[in-house]
Amino acid sequence: MLQFQLLGEVAVVVDGCVVDAGHEKQRCVLAALAVDVDRVVSVDRLTERVWGDDPPLRARGTLVGYLSRLRRVLATVGTPDIVRRSGGYSLKAEPSAVDLHRFRALCAHARSGVDRHRAKFLKQALELWRGDALSGIGGGWALAERGRLHQERLDAECDLTDALLHLGHGEDLVTSLSSRSAVWPMDERVAGHYMLALSRAGRTADALAHYRQVRERLVAELGIDPGPGLRELHQRILATEPSSARPGTGTGKRWVVPRQLPAAPSPFTGRVRELAELDSVLAAATGDEAEPGSPVVFPAIAGAGGIGKTWLALTWAHRNVDRFPDGQLFVDLRGFSPTGRPMTADVVVRSFLEALGVGPDRLPVDLAARTALYRSLIADRRMLIVLDNVATADQAVPLLPGSSSCAVLVTSRNRLPALLTRHGARPVQVDVLTDSEARTLLDAAFEDARANAVVERAVTELIGLCGGFPLALGLIAAHLRTQPGPLDDIVTDLRRLGLDALDSDDPDASLPAVLSWSLRHLTEQQRTAFALLGIAPGPDTDLLAAASLTGLLTRDTRAALRGLVDASLVTQTSDGRFAMHDLVRDYAATTAREHLPEPTRQAALNRVVDFYLHTAHTAERLLHPHRTPIRLDPPVPGVGTQPLPDIPAALAWLDAHHPHLLAAQHTAITHHRHQTVWHLAWALTTYHWRRGNRHDQLIVWQAAVDAAERLPDPTTRTLACRVLGYAHAELGQHEQAVDALRRALVLAERHDDPVQQALTHHALGRAWALREDDRRALEHARLALDLFRVLDQPVQEALALNQVGWLAACLGDHGAAREHCLDALVLFRRHENPDGEAATLDSLGFIDHRTGRHPEAIHHYEQALTLFRTLGNATEAANTLDNLGQPLAALGRHVQARAAWEEALELYLRSGRTADAERVRRRLDAPDGPPDSRPVREP
């Protein structure tokens with residue numbers, strides 16, 4: 001294969017070997033012809049390309065000599081030739097033989113497709129480059145052409161980056177974009193990509209710093225500001241709103257494209273009618289004939305447990321995934337889980353928002369606000385939402401989109417009449433497989449089923465015994481693939497064990513026979529692991545948790561789980577977790593109760609709960625290293641460990657295992673492990689605050705208070721009541737908050753515990769401040785401050801100083817307020833606590849504004865705002881922006897004040913804080929009106 005290479009050193013290559021094309025000038029002639037392959041290049045233009053404006057005296061003769069030698073070179077390697085045409089010469093070859101033309105063709109092909117298509121062809125195009133274009137030849141033409149080609153290369157690189165960002169990439173692009181921005185420091189498109197990638201990687205401060213560098217360079221060297229696209233992107237990052245808008249488009253389109261579909265099921269057979277029905281319903285709902293703004297119409301797939309609803313939904317989804325370029329969301333709502341804990345809509349909406357790129361600090365508190373934000377983000381997007389195992393309409397309704405651009409698939413064992421009548425769902429009923437479909441499924445596992453009359457009769461009887469029930473047939477097919485044997489023996493076993501219930505009205509009851517038969521072919525370790533997985537806390541299990549559950553070494557646990565996967569009793573998810581079908585899990589739990597001694601079950605649960613507890617405790621210590629630690633008992637023997645090297649690892653583990661930790665606490669409650677109940681609540685506290693899981697915080701601490709009543713240590717009861725009260729206060733439940741906090745204070749005073757007294761007074765100050773009873777709040781804040789000073793706890797003292805200062809400012813005592821806040825600021829900075837420093841700077845801004853020191857107020861607010869943004873705390877950033885607008889307006893800087901309030905309004909609306917949003921709207925309507933009587937935040 002012959003290739004002309006221009007995207008690097010100029011060369012002729014045949015089957016991977018470089019052919020000598022002569023000296024520099026001769027190779028320049030070759031390049032001058034190859035850039036215009038199969039087109040005539042005039043003699044004058046060739047001369048200019050080789051020698052520029054100062055050709056030698058016998059340039060034409062020399063050029064003819066070069067061309068003759070090149071013809072001889074090409075004659076030795078194949079059909080390409082240099083031919084004389086009227087007025088010039090032409091390199092006769094296919095354009096695909098020149099890497100430059102292949103590069104341009106791939107780039108043009110990429111422009112006609114979706115993002116995955118674009119990324120594929122642009123990567124292929126860029127792989128053709130081997131260095132600087134036209135290397136090894138000099139002259140003015142080569143230099144100018146090299147510059148043009150490098151611009152084409154940059155355009156392709158940027159187009160590829162556009163596609164990758166739109167497909168959800170970000171952090172993985174930072175390194176390459178850093179190098180690109182160094183080469184093209186004033187290219188605004190490159191700058192926008194680099195800022196997006198930094199923001200996507202959580203490096204918001206670096207993204208903003210890069211914008212400043214680009215802007216300063218543009219102003220200094222060109223006398224211009226960045227264009228509107230880059231400015232808009234800068235504002236979005238300032239508002240902690242990562243966007244996937246391609247720089248310069250101004251679309252505001254988010255760059256997170258979720259791809260949550262589990263793997264396509266295999267093998268899959270039949271369901272032709274059902275697949276066609278799904279095609280029809282969803283085509284009518286989302287196709288060209290759908291009216292804009294029309295109600296969402298979606299299929300609700302109904303059928304018995306194990307009948308194949310999820311497989312049908314996933315098969316259709318994967319066959320039609322290209323119809324949904326903006327992503328796919330999937331959730332198993334566990335509506336029929338044997339654990340009895342279906343997922344709530346609140347939890348699912350939260351997970352969907354996180355998948356769509358909403359940071360935990362921007363998640364609204366209540367379900368209505370979260371649902372509104374979720375529907376806003378997916379409005380007008382072409383997405384697929386799969387809601388699997390829905391128990392009731394109430395689970396599904398908050399998850400339905402508000403526009404017909406998105407498609408929804410619902411599966412349930414129930415018909416969900418409320419969805420059908422009120423929300424336009426179209427029922428798709430799934431029944432057992434036909435005999436021919438069942439035979440196809442089994443034939444794939446037993447290839448010679450039709451080659452022998454005896455085998456044929458056995459297969460026929462087997463199909464009759466299974467009654468077309470997919471889960472039963474799938475288990476049998478798995479056994480045939482992994483442990484082939486005489487079919488007569490299998491049929492005899494199944495006939496004896498009985499699958500008569502398959503013909504009843506309750507097909508769920510038909511599976512124990514097949515499952516019990518499947519277990520007989522497992523090893524003892526595999527059978528025990530299967531039974532224990534049925535009682536493990538949480539919706540699924542990972543390898544380390546399973547090792548603790550079984551008490552086996554990790555390698556032995558992996559081998560046991562692999563055997564269960566091979567037997568189709570357990571499925572392994574794309575992230576390596578192990579899950580069971582609800583019916584299989586129910587049978588596994590029954591097996592555990594009937595065949596494992598109670599001490600064995602109890603020991604297994606103790607081990608896995610200790611695994612979750614001790615790992616969560618490690619994560620908590622990483623998140624909040626200055627928190628007063630608690631002492632855990634050593635884990636029981638056989639408990640494995642989960643290494644968590646840093647804070648990102650801790651948060652990732654807690655995100656993945658949050659439902660397991662809640663289930664572990666429930667297991668501990670059931671088995672009267674009171675110490676573990678409150679230890680788990682303690683270990684989840686900082687995580688819940690960071691993620692805004694206020695309702696979960698309340699639930700785990702309500703359980704912790706009940707458990708603490710049965711424990712001898714009074715500090716445990718005091719702490720539990722205090723944190724429970726704080727959780728009530730955060731949810732606006734004032735009476736419950738004060739009641740719990742007073743109980744905590746009585747306990748702390750009764751047992752002479754000054755630390756708990758101080759912490760409880762601080763919490764009471766917060767609770768009363770939220771009720772705007774500042775005098776009562778200040779009383780508690782001062783008591784907390786006095787106690788912390790005696791206890792010599794400087795960081796806690798700083799918290800109390802800021803709280804006292806803030807409350808004094810609310811009451812008009814600005815001198816005392818400033819003194820306390822300045823003292824707090826010194827302590828926070830000395831002990832490197834940026835959260836407290838930012839809060840105190842905000843308080844000082846408020847004090848300065850109320851005392852007429854508006855420039856100083858702006859300075860303090862801007863310092864606080866920078867810290868809050870660096871910390872990713874959009875909630876407090878919104879408050880500070882709200883406050884910042886007032887001194888700006890007081891100084892007549894109304895444009896800047898309005899910008900701050902508009903940004904605050906957007907953040908308030910995003911987080912569902914409607915009362916704060918309404919207050920800011922009033923400010924925007926009357927910017928010169930009277931100031932508020934108190935600042936927005938309550939430290």
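## Exercises on a parallel sheet, two cores and an aromatic cluster

Of the 106 residues in the largest nonpolar core, Leu-409, Phe-530, Leu-564, Leu-654 and Trp-701 touch the most other members. A nonpolar core here is a set of buried Ala, Val, Leu, Ile, Met, Phe, Trp, Tyr and Cys residues joined through side-chain atoms within 4.5 Å. Buried means under 20% relative accessible area, exposed over 50%, and partly exposed in between, with a 1.4 Å probe and protein chains only.

Before you start, please note that this is a predicted model, in which local features need pLDDT of at least 70 and side-chain atom pairs count only at pLDDT 80 or more, while totals for chains, interfaces and linings use all residues. Residues are numbered from 1 along each chain as its sequence is written, and side-chain values use heavy atoms, with hydrogens and water left out.

### Exercise 1: the cores

Find which helix gives the largest share of the core of 106 residues, then list the contacts of Trp-701.

*Solution.*
- Step 1. Helix α26 (residues 598-623) supplies the largest share of this core, ten residues. Helices (H or I, at least four residues) and strands (E, at least two) are DSSP runs, numbered from the N terminus.
- Step 2. Setting aside neighbours within four places in sequence, Trp-701 is in contact with Trp-678, Ala-681, Trp-682, Thr-685, Leu-719, Ala-720, Val-723 and Leu-724. Contact means heavy atoms within 4.5 Å.
- Step 3. Colour the other core too: a second, separate one of 77 residues includes Tyr-66, Leu-67, Leu-106 and Leu-196.

### Exercise 2: the sheet

Work out the strand order of the open sheet of five strands, and say which strands are at its edges.

*Solution.*
- Step 1. The order is β8-β9-β10-β7-β11, with parallel pairing. Two strands pair if DSSP finds at least two bridges between them.
- Step 2. The edges are β8 (328-332) and β11 (425-429), each of which pairs on one side only.
- Step 3. From one strand to the next, the twist averages 15°.
- Step 4. Now walk across the pairs. β8 and β9 are joined by five bridges, with Phe-330 partnered by Val-386 in β9. Val-386 also stands opposite Leu-409 in β10, where β9 and β10 pair over four bridges. Strand β7 (residues 298-302) has five bridges to β11, and there Ala-300 has Pro-427 as its bridge partner.

### Exercise 3: around β9

Which helices touch β9, and is β9 enclosed or open?

*Solution.*
- Step 1. Helix α12 (residues 309-319) packs on the sheet, touching β7, β8, β9 (384-388) and β10 (407-412), and its direction makes about 165° with that of β10. Axes are lines fitted to C-alpha atoms, for helices over the stretch in contact, and angles run from 0 to 180 degrees between N-to-C directions.
- Step 2. Helix α13 (residues 345-355) lies across β8 and β9, at about 150° to β8.
- Step 3. Five of the five residues of β9 are buried, so β9 is largely enclosed by the rest of the structure. Both faces are covered, by your own check of Leu-384, Val-386 and Asp-388 on one side and Ile-385 and Leu-387 on the other.
- Step 4. Helix α13 is also largely enclosed, because eight of its eleven residues are buried. Among them are Asp-346, Arg-350 and Phe-352.
- Step 5. Just after α13, look for Gly-357, which takes a positive phi of about 95°.

### Exercise 4: aromatic rings

Describe the geometry of the pairs that Tyr-612 forms with Phe-611 and with Trp-653.

*Solution.*
- Step 1. Rings of Phe, Tyr and Trp (its six-membered ring) pair if their centres lie within 6.5 Å; planes under 30 degrees apart count as stacked, over 60 as edge-to-face and the rest as tilted. The structure holds eight aromatic pairs.
- Step 2. Phe-611 and Tyr-612 are edge-to-face, at 5.3 Å centre to centre and 65° between the planes.
- Step 3. Tyr-612 and Trp-653 are tilted, at 6.5 Å centre to centre and 40° between the planes. This pair links distant parts of the chain, with Tyr-612 in helix α26 and Trp-653 in helix α27 (residues 647-670), 41 residues apart.
- Step 4. Tyr-612 counts as buried because its relative accessibility is 1%, and Trp-653 is buried at 6%.
- Step 5. Put together, Phe-611, Tyr-612 and Trp-653 form one aromatic cluster.
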